[in-house]
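Ready for some practice in reading a structure? Take a look at the picture, then work through the exercises at your own pace.

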Amino acid sequence: MVDEIMLVAIDENINDSDIVALQDRLAEEVHANNAQGIVIDISALEIVDTFVGRIIAQLAGIGVLMDAPTYLVGMRPAVAMTLVELGMTLPAVKTARNLQHAVTRLRASR
Amino acid sequence: MPVRYIHVILDNERELLLKAWGSTQAEEGLIRRDLFTEREARTQTEMLYDALSKGVKASVETDLLDPDAECWDDMRAALADVTRERTKRGVSTAEMAAFVLALKYPLFERLRTTVDDSNGKVLIDAVNQFTRLIDSVSLYTTELCISERDKTIRRQQEEMMELASPVVELWDRIVAVPLVGTLDSMRAQEVMENTLSAIVDKKADIVIIDITGVLTVDTQVAQHLIRTAAAVRLMGAEAIISGISPRIAQTMVQLGVDTGEIRTRSSLRMALADAFRQLDTDVISRIAK
């Protein structure tokens, strides 16, 4: 938590059960801390599949429902390409190039 | 027996056969003075002739002209040199094959006068063997010509790929991807890769994909553009597609292409102005109006 913005960094070798656990925890934490925004950093993520793609979309969905705008930052080119190939363009998710941009935008929108 | 005859003819009547080969070539219009000099043609012909007669000499023992035998390696090497040299100067594949085949008839002519009439079997045998050899040799040149050409095509393809998708840094945090020519799947993939890695390398926030130079936009090209824009957005940058001419706009609407939330501008200039505005950059002209 920084300045009412929750930061979530996704680990390089995160597995499917970890990411589901993260989903649960995120909702709890957002609620408990009254977060005004969420930034999910996936710069460590090198491989994605439809499952991870969907979870990421859901993480953002949870944030939006709890009135905490969610930004996805640091996506690698290969990951972006794979997601597009898989047809997961995540239209509902906001994106930024890096953490700083996301935080700036979150503050501006508040 | 038959190979011995061929060997004797090739050995004894070198000058005569070379001349005859030369004149057959000339008759068939194979001496391209615009591409190589007569002297070069003669040297090449002699080189091939000598390699050939060496191979025939080595085959006398077995009395068989086997085109796959090792004794033709020299000949193949010589032929490869000549073929390479000639095709580089623009001699066609058919001309190369005809050049080799042109040796046949002068030799047959000599065979007819050398082998006496009573020995018809030997004569036919010799003709058969020699024909088979020369045919295989001319096939070999053809193959060489084609493989040379394939190599050129492949190289040009690679060069085209490299030329085709440059990413230009226009300003701080603004890059442009000017697309030229046609956009097939392979190039589209390359464009996407280059664009996405430029976002990382150049820290770009705005990517202008300029399609002024794209000749036609069909559904497939549109699909590629939309996908590239989607990937750019996923990485946190924004894509602007510029250079949409009136004609392309019409086609895209007729095709029912939905560009969705992607920003499109008519020219690179408009896109750049848009990018400046978004990044809060002003470009001021110092010249008084």
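**Exercise 1: where the chains touch**

Find how many residues each chain gives to the contact, then describe the side of chain A.

*Solution.* Step 1: the contact takes 13 residues from chain A and 14 residues from chain B, where two residues are in contact if their C-beta atoms, placed from the backbone, lie within 7 Å. The model is a predicted one: local features need pLDDT of at least 70, side-chain atom pairs count only at pLDDT 80 or more, and totals for chains, interfaces and linings use all residues. Residues are numbered from 1 along each chain as its sequence is written, while chains are lettered from A and ligands numbered from 1 in the order in which they are written.

Step 2: on the side of chain A that touches chain B, the elements giving two or more residues are helix 3 (77-85) and strand 4 (94-96) of chain A. Helices (H or I, at least four residues) and strands (E, at least two) are DSSP runs, numbered from the N terminus. Helix 3 of chain A gives the most to this side, five residues.

Step 3: sort the residues of this side, and you get nine nonpolar, three polar and one charged. Here Ala, Val, Leu, Ile, Met, Phe, Trp, Tyr, Cys and Pro count as nonpolar, Asp, Glu, Lys and Arg as charged, and the others, Gly among them, as polar.

**Exercise 2: a sheet in chain A**

Work out the strand order of the open sheet in chain A.

*Solution.* Step 1: the four strands of this open sheet have the order 1-2-3-4, with parallel pairing; two strands pair if DSSP finds at least two bridges between them.

Step 2: strand 1 (5-9) and strand 4 of chain A are the edge strands, each pairing on one side only.

Step 3: look inside the sheet, where strand 2 (residues 37-41) and strand 3 (residues 70-73) of chain A pair in the parallel sense over four bridges. A:Asp41 has A:Val73 in strand 3 of chain A as its bridge partner.

**Exercise 3: two helices of chain B**

Decide how helix 3 and helix 4 of chain B are oriented to each other.

*Solution.* Step 1: helix 3 (residues 38-59) and helix 4 (residues 73-88) of chain B pack at an angle of about 165°, with their axes 8 Å apart. Axes are lines fitted to C-alpha atoms, for helices over the stretch in contact, and angles run from 0 to 180 degrees between N-to-C directions.

Step 2: helix 3 of chain B is therefore roughly antiparallel to helix 4 of chain B, a term for angles over 145 degrees.

Step 3: residues making this contact include B:Leu48 of helix 3 of chain B and B:Leu79 of helix 4 of chain B.

Methods: Angles under 35 degrees count as roughly parallel, over 145 as roughly antiparallel, 65 to 115 as roughly perpendicular and the rest as oblique.
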